[in-house]
Amino acid sequence: MASYRSDFLRVLSERGFIHQGTDLEGLDALAAKGPVTGYIGFDATAESLHVGSLVQIMMLYWLQRTGNRPIALMGGGTTKVGDPSGKDTQRKLLDDAAIAKNLAGIRQNFEPFLEFGTGPTDALMVDNDDWLSQLTYVEFLRDFGVHFTINRMLTFDSVKLRLDREQPLTFLEFNYMLMQAYDFHVLHRDFGCQLQLGGSDQWGNIVNGVELIRRVGAAEGEEREAFGLTTPLLTTASGKKMGKTESGAVWLSAEKLPPYDYWQYWRNTEDADVGRMLRLFTTLPMDEIARLEGLEGREINDAKIALATEATAMLHGREAAERAAQTAAQTFTGGAGADLPTVEMLGGALDAGVPLFEPFRELGLIASNGEGRRHIKGGALRVNGQPLAEERPLTSADLDGDTIRLSVGKKKHGLIKVAS
């Protein structure tokens with residue numbers, strides 16, 4: 001592991017955030033001298049970010065915690081084009097109303113992690129639509145197109161991989177990297193931003209921005225510093241992509257994914273990933289992480305509970321995290337935790353019999369009746385902890401007090417709460 005003078009790079013290095021840098025030695029020297037302003041861009045493709053974006057948010061968190069200024073760049077403008085990185089086909093283009101709605105939701109994802117304000121290390125949130133939509137095409141090509149070569153752009157992974165697979169890349173998407181580079185130029189010019197952070201799939205786009213700043217500076221007779229830093233591609237030990245489960249995306253918004261489900265996502269981390277996830281997604285001290293990572297056998301579950309509770313506390317608050325942990329403990333011992341996903345129904349519905357898979361689907365425990373039948377065959381579909389041998393309606397005979405606990409396996413649970 002490299003030895004760094006700045007707290008910023010030292011923390012990122014020991015926690016496993018660093019993959020590539022354009023000039024890590026120069027960035028380290030700059031960060032050691034005083035506050036550095038750095039940014040990451042987030043396009044508005046949904047009403048919430050998901051766990052796949054969390055490693056980037058954590059980089060901004062540590063940037064601020066080590067005495068620097070983070071900028072969360074909202075992609076109101078670049079979303080209109082669509083980033084081709086990692087995609088075989090063009091992303092769905094959204095209209096202005098959908099982008100505005102998504103931006104409103106995404107902004108809330110940052111509030112638990114960053115402190116916004118007007119101080120030298122307070123976080124900023126800006127929208128690239130403010131300048132991208134003001135560009136005129138001919139002037140942009142004349143002033144900035146001269147600094148890009150098609151030869152170089154064809155070597156970037158976002159372009160090369162699409163072409164290697166013989167999938168079409170539209171001219172609209174091809175312009176995305178120019179727009180991202182221009183973002184860095186504007187942030188450098190208007191906010192003194194010298195660092196762009198991102199995932200490893202953004203390396204080519206980031207290098208483009210660093211080079212654009214230097215070339216524009218050289219054309220104006222100035223030497224301008226800019227740096228790029230990327231994180232490793234984050235997958236689980238079994239090769240799965242972070243942020244996705246069989247039930248869908250692991251959203252950061254509590255409206256799209258309740259805190260209990262978010263806690264469960266981290267609790268289900270693979271054994272081999274626990275130490276890495278503790279370093280990336282919690283603020284626990286490194287010696288405590290080393291202790292938890294060293295647990296073996298059944299004790300590794302203690303490390304997973306610590307990971308789930310700390311990660312949930314960062315996003316949803318300590319109270320919600322502790323409540324989720326308590327709910328999980330009660331559920332595991334056969335109780336009915338208060339924070340489980342719940343559907344309500346009238347008792348009369350049970351008298352007539354409720355189709356078995358209907359509440360399972362409503363609770364998000366299964367996606368279809370066919371999936372439910374497969375779980376019955378595997379002995380995983382349970383009512384009040386007892387596996388079902390066959391498909392049958394739910395009735396008032398299934399009530400345990402005023403609830404029925406539904407489960408798929410040992411980790412997915414929900415409640416039917418019956419009102420009189």
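Good morning. I begin with a right-handed β-α-β unit, which is made by β5, helix α11 (residues 203-219) and β6. Please keep in mind that the model before you is a predicted one.

Let us stay with the two strands of that unit. β5 and β6 pair in the parallel sense, and five bridges link them. To place one pair for you, Q196 stands opposite G228 in β6. Strand β1, residues 20-21, is also joined to β6, in this case by two bridges and in the antiparallel sense. Here G21 has L229 of β6 as its bridge partner. As a general matter, the strands of a sheet pair through backbone hydrogen bonds, either parallel or antiparallel.

How many of the residues of β6 are buried? Five of the five are, so β6 is largely enclosed by the rest of the structure. Buried here means a relative accessible area under 20%. The two faces of β6 can be read in turn: F227, L229 and T231 lie on one side, G228 and T230 lie on the other, and all are buried.

I turn next to helix α2, residues 24-33. Its buried residues are G26, L27, D28, L30 and A31. What covers them? The cover includes α1 (7-15), β5 (195-199) and β6 (227-231). Thus β6, itself paired with β5 over five bridges, also forms part of the cover over the buried residues of α2. On helices in general, an α-helix has 3.6 residues a turn, so residues three or four places apart point the same way.

The next topic is a further sheet. Five strands form an open sheet with mixed pairing, in the order β9-β13-β12-β10-β11. Its edge strands are β9 (342-346) and β11 (386-387), each of which pairs on one side only. Within this order, strand β12 (residues 403-408) and strand β13 (residues 412-419) are antiparallel and share six bridges. One position to find on the model is L406, whose bridge partner in β13 is G414.

Finally, I come to the surface. Which residues make the nonpolar surface patch of about 320 Å²? They are Y137, V138 and L141. V138 belongs to helix α6, which spans residues 137-144. Is V138 buried or exposed? V138 has a relative accessible area of 63%, and is therefore exposed, the cut-off for that term being over 50%.

To close, I would set two places side by side: β6, with five of its five residues buried, and V138, which is exposed. Thank you for your attention.

Definitions and conventions. Residues numbered from 1 in each chain as written. Predicted model: local features only at pLDDT ≥ 70, side-chain atom pairs only at ≥ 80, totals over all residues. Heavy atoms only, no water. Patch = residues over 30% accessible without salt bridge, like charges linked within 9 Å, V, L, I, M, F, W, Y side chains within 5 Å. Areas by Shrake-Rupley, 256 points an atom, 1.4 Å probe, with all protein chains shown as cover. Salt bridge = Lys/Arg side-chain N within 4 Å of Asp/Glu carboxyl O. Helix = DSSP H or I, 4+ residues; strand = E, 2+ residues; numbered from the N terminus. Buried < 20%, exposed > 50% of the residue type's maximum accessible area, 1.4 Å probe, protein only. Contact = heavy atoms within 4.5 Å. Pairing = 2+ DSSP bridges. Right-handed = clockwise from strand over helix to strand, strands pointing away.
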